[in-house]
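Please look through the sequence and the 3D structure shown below before reading on. The report that follows takes up one topic at a time.

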Amino acid sequence: MSDLFSELFLGALLFGAMTAAVPLLLAGLGEQISEKAGVLNIGIEGMMIFGAYTGFVGAYYSGSLWFGFLTGALGGAVVASIMVLLCVRIGLNQIVIGIGLTLGFDGLTALLHHFQFSRTYPRLAAAEITAIPLLSDIPVIGPAFFRHHLLVYLAVLLVGVMVYVYRRTQLGLNLQAAGDKPAALDVAGVDVVRTRTVAVLSTGVLAGLGGAYLADVGAGIFVPFITNGAGFLGIVLAMLARGRPLWVLLGALVFGLCLSLTTALQVAGINIPTDVIQMIPFLAVMAMLVIFGRRSQLPAALGIPYVRGAR
Amino acid sequence: MSVDTAPVEMTERSIVARSPGMRKVVHRLVLTVGPVLAALALAGLLLLALGVDPLAYYGYVINRGLLSPSGIQQTLTRMAPLLFLASGLIVAFRAGIWNLGADGQFLLAAVTAAAAGPYFAAIMPAWLAVVLAFLMSVLVAMAWSFVPALLRAYQGVNEIITTLMMTFLGTSLANVLVKLVFLDPGTTVPQTRTLPVEDRLPRLFDTTISSGLVLGLIAIVAVHLVMTRTSFGLRLRIVGANPRAAVHSGLAVPRLTLAVFALSAGLAGAAGAVDILGVQGNVRADWNPAYGFAVIPMVFLARFNGFAAIAFVLLLSVLSIGGESAARRLGVPNHFTLVLVAIVLIVLAIAEYIDHRFIQSRKA
């Protein structure tokens, strides 16, 4: 117990929290875009798992992490384009298709993994770390937050970019209108379907990237069902954040900390079953929903396909 | 249907289907069977790409899941929990409540049944023990849905998120209970005590089919009739179709919402109970068949119709029993069933859309 609060333990805990937070952050930011535009993207778990698979395959065969991130993002976009076609273009039920995509790609990636990797279980080399000068020398905080793969900093920067997009650009306004009052957007001469298409594809890219990071950097390996509900956590983050990217970052860090605590406590030799600790993030969500429930407002047209001229 | 079709065409068509009602049924059947076949073909292409002969695989699955005597008995037994889950989902979905937490409710009920069953069986007649364990499981599942129910009914919090979270929580909690609280000290594998075979739900006649099947069939038919033939069902459907209209017409929407959650979760709990009290006898650590998620597409495919759901549950049951067997013998993991279900769901949704467009364009 005495070394529970040692510098080393705390550093490892926070480093793990940041590593675990990045996929959640990317998924949450991605889901936020879709939700803003009025598409409840339950398929994000499927986008993430396919991104994790394609990201791992890309990185494994090319030997380049960045190529893996690229293929991961493309994998997510592929799943997203199915969602676009079925839910945005022809207006099928978003929840049904979302669940279908999640089930289907969970199964597909597990199947592909079985035929491809289940005998060898290949691993990737540890990811290259970019230390930020000066900041990375701060004790505890430095190694925890400023010695990560470059993508981690880019993901955090994306929070700022999204704030800018939502607040200052026409695209941000269009996204919001597509979720709150699509008919008004249509009257203003902007194509609702196209706006939502852009939104869902962006979600796919970000979710795929998150999945790829999870497999390539976080775990270094792809195993079936590796995302284990991370996409669903992304949905929760987006919902709790009520359209604010910064809140997604905060939420992702809290969840990351809970996930990191699982491994850290075991390393520290505290004997609590992993199942108990695995419950913490979900308990945290439920607690937050109970406390902030009433205020978690969602876009008015969330989940409703847009059909021009329909009442 | 358009009225202005030529009389000649009418007589030609009437050979296929005599009355408009009959024609509707045939239309529905074609619209269902066609896409299922198309989906099987599509999934077959995937098998081909993986180097597996699709015809051999499907043949094996149908043989093991439907045609062989032991296979069909297993399939019918497997249907019991799936039917309960489907009926729970039908109640919720018809009332416009997306209970995606069936798996958590199922697992906690299963653990309850596994803990209570052997305990009661030791101190009272077996039939009473089974009944009590069953009721306790149902109550536990209902309780597990209470927080999402309250949040939805009185705070308007989206139940998709809360029930999903409760499922993740429930899966972990079930594991904790199995590993720490109800652990059978007599075995080396972490699992609960086992309910002796003679104390379980009786089997049907001379077969190995659990009588849970009958209970499941009763449940889904009852749910179908309640939802379509009673004023309570009508009220729930109004809430589902248009919650605002339901409020304005004076329905007690929050209270109806609570009732829907209790019914839906209770039926999911009954699924867990029949699976443990009829088939498994105990719960092993990390056991999670995730039936709930697999049943959701079936319920959609059945368009929330109880009788159609029975057919789709049979299909899922054949696929999963046959698929489990094929996983052992042909080396194709059972995950393929998930892919197949997803493809069926998507192809059917597209077919429905095309059909809808076709009818509309004929009307226009």
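## Contacts along chain A

Of the contacts in chain A with a separation of 6 or more, what percentage is accounted for by residues 24 or more positions apart? In this predicted model, such residues account for 77% of those contacts in chain A.

## Overall build of chain A

Chain A has 12 helices and two strands, and, read from the N terminus on, its elements follow the order α-α-α-α-β-α-β-α-α-α-α-α-α-α. The radius of gyration of chain A is 20 Å, close to the 19 Å that the globule rule gives for 311 residues, and therefore the chain is as compact as a globular protein of that length.

Taken along the principal axes, the box filled by the C-alpha atoms of chain A is roughly 65 × 45 × 40 Å. Among the 311 residues of this chain, 54% count as buried.

## A helix with buried residues

Helix H7 of chain A, which covers residues 170–180, offers a local example of burial, since A:Asn174, A:Leu175, A:Ala177, A:Ala178 and A:Gly179 are buried there. The buried residues of H7(A) are covered by elements that include helix H1 (7–36), helix H8 (182–187) and helix H9 (192–219) of chain A.

## Where the two chains meet

Between the two chains, 36 residues of chain B are in contact with 37 residues of chain A. On the side of chain B that touches chain A, the elements that give two or more residues are helix H7 (146–155), helix H8 (159–181), helix H13 (291–301) and helix H15 (335–363) of chain B. The largest share of this side, 12 residues, comes from H8(B).

When the residues on the side of chain B that touches chain A are sorted by class, 28 are nonpolar, seven are polar and one is charged.

## A loop residue in chain B

B:Leu251 is found in the loop between helix H11 (243–248) and helix H12 (253–280) of chain B. Why does B:Leu251 count as partly exposed? The reason is a count of surrounding atoms: B:Leu251 has 16 other C-beta atoms within 10 Å, whereas a residue is buried if there are 20 or more and exposed if there are 12 or fewer.

Leaving aside its neighbours within four places in sequence, B:Leu251 is in contact with B:Arg235, B:Ile238, B:Val239, B:Ala246 and B:Leu256. For one of these partners, B:Ile238, the separation from B:Leu251 is 13 residues in sequence and 9.1 Å in space, taken from C-alpha to C-alpha.

Conventions: Residues numbered from 1 in each chain as written. Chains lettered and ligands numbered in written order. Predicted model: local features only at pLDDT ≥ 70, side-chain atom pairs only at ≥ 80, totals over all residues. Contact = placed C-beta atoms within 7 Å. Helix = DSSP H or I, 4+ residues; strand = E, 2+ residues; numbered from the N terminus. Nonpolar A, V, L, I, M, F, W, Y, C, P; charged D, E, K, R; others polar. Rg over C-alpha atoms; globule rule 2.2 N^0.38 Å.
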